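Visitor: Please choose a single part of this structure and look at it closely. After that, follow the connections outward, one step at a time.

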Amino acid sequence: MTALTSRKILLAITGGIASYKSAILARRLQDQGGDVRVVMSKGAQAFITPLTLQALTGNPVHTDLLDESAEAAMGHIELARWPDLILIAPASANTMARLAHGLADDLLGTLCLATTKQIMLAPAMNHQMWANVATQANADTLKKRGFLLLEPDSGHQACGETGSGRMPEPEDLRDQVIAWFEQQSAAGSAGNPAQISAASTTNPSPINADLLKGKHVLITAGPTVEPIDPVRYISNHSSGKMGYALAASAVEAGAQVTLVSGPTKLDTPQGVTRIDVQQATQMLSEVESWVPDTDVFIAVAAVADYRMAGIAEEKIKKQTEQMTLTLVKNPDILKTISLRDDRPFCVGFAAETEHLAEHARSKLQKKKLDLIAANDVGNRDEPVFGADTNALDVYWGEHGHKRIERAPKRDVAAALLAIIAERLKNP
Ligand code: C5P
């Protein structure tokens, strides 16, 4: 077995002189057992012909959005679902700008909007174009939305200039693709939790792609960080994995997903709009701005209960043996939203060390929630914080209760979304 055996890779080639390297890349991926299909933009076809790629891969090359015969063989939506990974190499400045704006007037743009699969880009362009603020802003937007951007190489460029913007060599790109698949496999095994993105844990249980179709799901995740002075802060150990897993699963369930996140080490799940915040007050105002368009609000964030009454402008000096910080209560984001007249369906999380059902039900009532998912965090043999698995007890109404047994967080997320969808239909 080779490194990419039975891995499905959709190689998208866009306009640029580096596109000739992509013909070799297709072969290098196939050498490792990869099942490679190719999409070519109009720009790419000015440099290299679809026939070359068809001959090399042995598969028809996809070029048009509205080509009846191509659509009959494998339509753009099927093509979006088919791969394990979409690799755009070279990714031109124009392609990055188009993707950043979500344009859907060609096959690649449509595919990228329709897919829930990881999209990896190998930007390649003149070094001034790469350094341009517009391109860098587009790169930031794409990273925030969960695209993986590979670093371009530096060196002599086809235009005669020297700088950063060269497409890495095909062998190097092949190795980066292999490394990505290996990381995915590691995430699926017991693995090192520190390296694992909950959102990308492999092989989650399939979720009905229409479950939350047309719904806007707003999720908070991660910790909040409350500054004490310019160098110190109050926070907690929340990894954000459960919230990110829910965001990824909600996209798969057909929802439009906005994730308001405290600082985490996780990648943005594909298809999710992520807004980064630090403090609870910032998290609240971001959430409030999205609520009017929200159908389901899931508060997973571990919001700090208190913040400093006033943040010191200068670093606080150590002088006395003891010191007292004056803290004030943070707003309860979930409760603030659930008390609004235009409230969405509100879901809370509760981490309890004892009397799980009792405490969870009491929070359900006090925060006026539609549903609460409770974690037993008292069991030291089965940690929740930072772990890749979880088990939940879900409560609603007077007597509603369902247990979601311990499983990878993506599977638990899918099961919780199924309960939420059911409650949405039968309130
Ligand atoms: O009150 P407690 O912190 O146990 O409540 C947990 C639930 O409330 C979680 O869903 C959490 O995201 C949310 N919460 C919030 N704002 C706070 C505190 C908790 O949204 N200030």
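Guide: A strand here is a DSSP run of type E with at least two residues, and strands are numbered from the N terminus. The model is predicted. By that definition, Lys329 belongs to strand 16, which covers residues 327–329. Lys329 is a suitable part to start with.

Lys329 has a relative accessible area of 63%. Exposed means over 50%, so Lys329 counts as exposed. Its charge is shared with neighbours on the surface: Lys329, Lys335, Lys366 and Lys368 together form a positive patch.

One member of this patch, Lys368, has a further feature. Its phi is positive, at about 55°, although Lys368 is not a glycine. Lys368 lies in the loop between helix 14 and strand 18. That loop also holds Asp370, which is joined to Arg343 in another loop, the one between helix 13 (333–338) and strand 17 (345–352). The contact between Arg343 and Asp370 is a salt bridge, with N and O 3.1 Å apart. The two residues are 27 positions apart in the chain, and the pair links distant parts of it. Neither end is fully covered: Arg343 is partly exposed at 28% relative accessibility, and Asp370 is partly exposed at 25%.

The Arg343 pair belongs to a longer list, as the structure holds 17 salt bridges. Glu252 and Arg410 form another of them, at 2.6 Å from N to O. Here the partners sit in helices: Glu252 in helix 11 (residues 241–252) and Arg410 in helix 15 (residues 409–425), 158 residues apart. Glu252 is partly exposed, with 26% relative accessible area, whereas Arg410 is buried at 5%. A salt bridge can also have an end at the surface. Asp105 pairs with Arg98, their closest N and O atoms being 2.4 Å apart, and Asp105 is exposed, with a relative accessible area of 56%. Salt bridges can also be shared among several residues, as in the network that links Lys21, Arg166 and Glu169.

The surface has now been followed far enough, and the next step is inward. Strand 9 (residues 216–221) makes a contrast with exposed Lys329. Six of the six residues in strand 9 are buried, so this strand is largely enclosed by the rest of the structure. In a regular strand, side chains alternate between the two faces of the sheet. In strand 9, His216, Leu218 and Thr220 lie on one side, Val217, Ile219 and Ala221 lie on the other, and both sides are covered.

What covers strand 9 is not listed in full, but its pairing with other strands can be described. Strands of a sheet pair through backbone hydrogen bonds, in a parallel or an antiparallel manner. Strand 9 runs parallel to strand 12 (residues 256–261), and six bridges join the two. Within this pairing, Thr220 has Val260 of strand 12 as its bridge partner. Strand 9 also pairs with strand 14 (residues 296–299) in the parallel sense, over four bridges. On that side, Ile219 stands opposite Ile298.

Another group of strands can be read in a similar way. Six strands form an open sheet with parallel pairing, in the order 3-2-1-4-5-6. Strand 3 (61–62) and strand 6 (148–149) stand at the edges; each has a single partner strand, so one side of each is left without a neighbour in the sheet. Within the order, strand 1 stands beside strand 4. Strand 1 (residues 8–13) and strand 4 (residues 85–91) run parallel and are joined by four bridges. In this pairing, Leu87 of strand 4 is the bridge partner of Leu11.

Two details of the backbone belong to this region. Pro90 is located in strand 4, and the peptide bond leading to Pro90 from Ala89 is cis, with omega near -5°. Ser6 is located in the segment before strand 1. The phi of Ser6 is near 60°, a positive value in a residue other than glycine. Lys368 of the surface patch likewise has a positive phi. Ser6 is also exposed, at 60% relative accessibility.

Terms used: Residues are numbered from 1 along each chain as its sequence is written. This is a predicted model: local features need pLDDT of at least 70, side-chain atom pairs count only at pLDDT 80 or more; totals for chains, interfaces and linings use all residues. Side-chain values use heavy atoms; hydrogens and water are left out. A salt bridge is a side-chain nitrogen of Lys or Arg within 4 Å of a carboxyl oxygen of Asp or Glu. Buried means under 20% relative accessible area, exposed over 50%, partly exposed in between (1.4 Å probe, protein chains only). Patches are made of residues with over 30% relative accessible area and no salt bridge: like charges are joined within 9 Å, nonpolar side chains (Val, Leu, Ile, Met, Phe, Trp, Tyr) within 5 Å. Accessible areas come from the Shrake-Rupley method with a 1.4 Å probe; for residues, only the protein chains shown count as cover. Lys and Arg count as positive and Asp and Glu as negative; His and the chain ends are not counted. The place of a charge is taken as NZ of Lys, CZ of Arg, CG of Asp or CD of Glu. Two strands pair if DSSP finds at least two bridges between them.
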